[in-house]
Amino acid sequence: MQSIPPIGGHTVYRFKLPLIHSNMYVVLCDNDALVVDPCLSGEAVALLQSSGVTRCTILLTHEHYDHISGVNQLREHFSCTVICTEVCAQRMANPRRSHAAVFPAMFFSQGPEVVRQAAALFDTQYTCTADETYTGTLDLQWHGIPLHLVELSGHSPGSAAIEAAGTHVFTGDNLIPGTETLIRLPGGDKTVYLDQVVPYLRRLPSSTVLLPGHGAWGYRADPEMEAALP
C-alpha cells in the first residue's frame, strides 16, 4: 500500500487499535508530535520516545472510545494538549456516552477468543479530559502547518473534521472508505449527516487526501471515497 502523502513535508505515521482497527495518525517535528485520535499503542509510544518527543498536540475527531483510548497513555509519557469540540469533551468524560462501557460487547458475535482479547484490552470505565475545546470552528498553527477544525456532528454529537495544510482532512468516522457512515449508534443524527456532513465532504477538492477513522487513506476523487457518500 502507498505511503500517506506527507503533511507540510512531514511523514504521516498510522497506527491501529487491535480488533477494531481504528486509525491513529502521528506527525513529528523536532520534539513535538501532532496526534489525531490516539489509540492504545505501545508501538506509537516507542516511536515518540525514540524520536525525542516531549510534547504532543492531540486532536480528536470524536468521542468514541476507540478514538480516544490512547489519550491517557500519552499523558503518562509526554506533555499533552488535548483539543476537541465542547460536546466531545463532555461525552468522553462519561463511559456510557463514549461507548467505553459497552465496547467489549461489540465483539460477542466474533467468538470466545476475540471476546477474551477485548475484555483484556479495553477499559469499560475509561474516561479522559480535554485541555481546549471549541464550538463551530477553530484555527491553529502547528510548526507552520495551518489546521482548521470544523464541528460536524452526524456520526456522533461530538464529531469534527480536521483540515491540515489545506491538503489533508482527517474525517473520523463521518467518512470510511467503501462503507456507509454508521449513524445508528446513540447520538448519531441522519438529518445532520445529510444536511451538513455530506455537503462539506462533497465540496472538498478532488485532490484532497482523506484520512478516515477506519480503513485506508485515499483522495477525495477515489471511487472508494465517493461510494461512501450517499
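The following dialogue works through the reading of a predicted model of one protein chain.

Q: How many helices and strands does the protein chain have?
A: The secondary structure is read as runs of helix and strand along the chain. In this predicted model, the protein chain holds six helices and 12 strands.

Q: Which radius of gyration would a compact globule of 230 residues have, and what does the protein chain have?
A: The radius of gyration over C-alpha atoms is set against a globule rule that depends on the number of residues. For 230 residues the rule gives a value near 17 Å, and because the protein chain has 17 Å, the two agree. Along the principal axes, the C-alpha atoms occupy a box of roughly 45 × 45 × 35 Å.

Q: What share of the residues is buried, and what share of the contacts joins residues 24 or more positions apart?
A: A residue is called buried when its relative accessible area is under 20%. Here 52% of the 230 residues are buried. Of the contacts with a separation of 6 or more, 61% are between residues 24 or more positions apart.

Q: What do carbon and sulfur atoms supply of the exposed area, and how far apart are the mean positions of the positive and negative charges?
A: The surface is described by its area and by the atoms that supply it. The protein chain exposes about 10,000 Å², of which 51% comes from carbon and sulfur atoms. There are 13 positive and 22 negative charges, and their mean positions lie 6 Å apart.

Q: How many aromatic pairs are there, and how is the pair of Tyr65 and Phe103 classed?
A: Two rings pair if their centres lie within 6.5 Å, and planes over 60 degrees apart count as edge-to-face. By this rule there are eight aromatic pairs. One of them joins Tyr65 and Phe103: the ring centres are 5.1 Å apart and the planes meet at 65°, so the pair is edge-to-face. The two residues belong to distant parts of the chain, 38 residues apart, with Tyr65 in the loop between β4 (55-59) and α2 (71-77) and Phe103 in the loop between α3 (86-91) and α4 (112-121).

Q: Are Tyr65 and Phe103 buried or exposed, and which residues form the aromatic cluster?
A: Tyr65 counts as buried because its relative accessibility is 1%. Phe103 also counts as buried, at 2% relative accessibility. Both belong to one aromatic cluster, together with Phe107, Phe122 and Tyr126.

Q: Where is His99, and what does His99 touch?
A: A contact is counted between heavy atoms within 4.5 Å. His99 lies in the loop between α3 and α4 and is buried, with a relative accessible area of 12%. Leaving aside residues up to four places away in sequence, His99 touches His64, Tyr65, Leu185 and Pro186. Tyr65 is thus mentioned again, as a member of the aromatic cluster.

Q: What is phi of His99 and of Leu19?
A: The sign of phi is read together with the residue type. Phi of His99 is near 75°, a positive value in a residue other than glycine. Leu19 likewise has a positive phi, near 75°, and is not glycine. Leu19 is placed in the loop between β1 (12-16) and β2 (23-29) and is partly exposed, with a relative accessible area of 23%.

Q: Where is Val114 found, and what does Val114 touch?
A: Position, burial and contacts are read together. Val114 is in helix α4 and counts as buried at 17% relative accessibility. Beyond residues up to four places away in sequence, Val114 touches Leu19 and Phe107. Sequence separation and distance in space are separate readings: Val114 and Tyr134 are 20 residues apart along the chain, and their C-alpha atoms are separated by 37 Å.

Q: Is Asp30 buried or exposed, and how far is Asp30 from Val53 in space?
A: A residue counts as exposed when its relative accessible area is over 50%. Asp30, in the loop between β2 and β3 (32-36), is exposed, with a relative accessible area of 62%. The C-alpha atoms of Asp30 and Val53 are 7.3 Å apart, with their positions 23 residues apart in sequence. Asp30 touches Ser51 and His143, not counting residues up to four places away in sequence.

Q: Which residues does Thr171 touch?
A: Thr171 lies in strand β10 (residues 168-172) and is buried, with a relative accessible area of 3%. Apart from residues up to four places away in sequence, Thr171 touches Ala160, Leu201, Leu210, Leu211, Pro212 and Gly213. The C-alpha atoms of Thr171 and Gln73 are separated by 23 Å, and the two residues are 98 residues apart along the chain.

Key
Residues are numbered from 1 along each chain as its sequence is written. This is a predicted model: local features need pLDDT of at least 70, side-chain atom pairs count only at pLDDT 80 or more; totals for chains, interfaces and linings use all residues. Side-chain values use heavy atoms; hydrogens and water are left out. Helices (H or I, at least four residues) and strands (E, at least two) are DSSP runs, numbered from the N terminus. The radius of gyration is taken over C-alpha atoms; the globule rule is 2.2 Å times the number of residues to the power 0.38. Buried means under 20% relative accessible area, exposed over 50%, partly exposed in between (1.4 Å probe, protein chains only). Accessible areas come from the Shrake-Rupley method with a 1.4 Å probe; for residues, only the protein chains shown count as cover. Lys and Arg count as positive and Asp and Glu as negative; His and the chain ends are not counted. The place of a charge is taken as NZ of Lys, CZ of Arg, CG of Asp or CD of Glu. Rings of Phe, Tyr and Trp (its six-membered ring) pair if their centres lie within 6.5 Å; planes under 30 degrees apart count as stacked, over 60 as edge-to-face and the rest as tilted.
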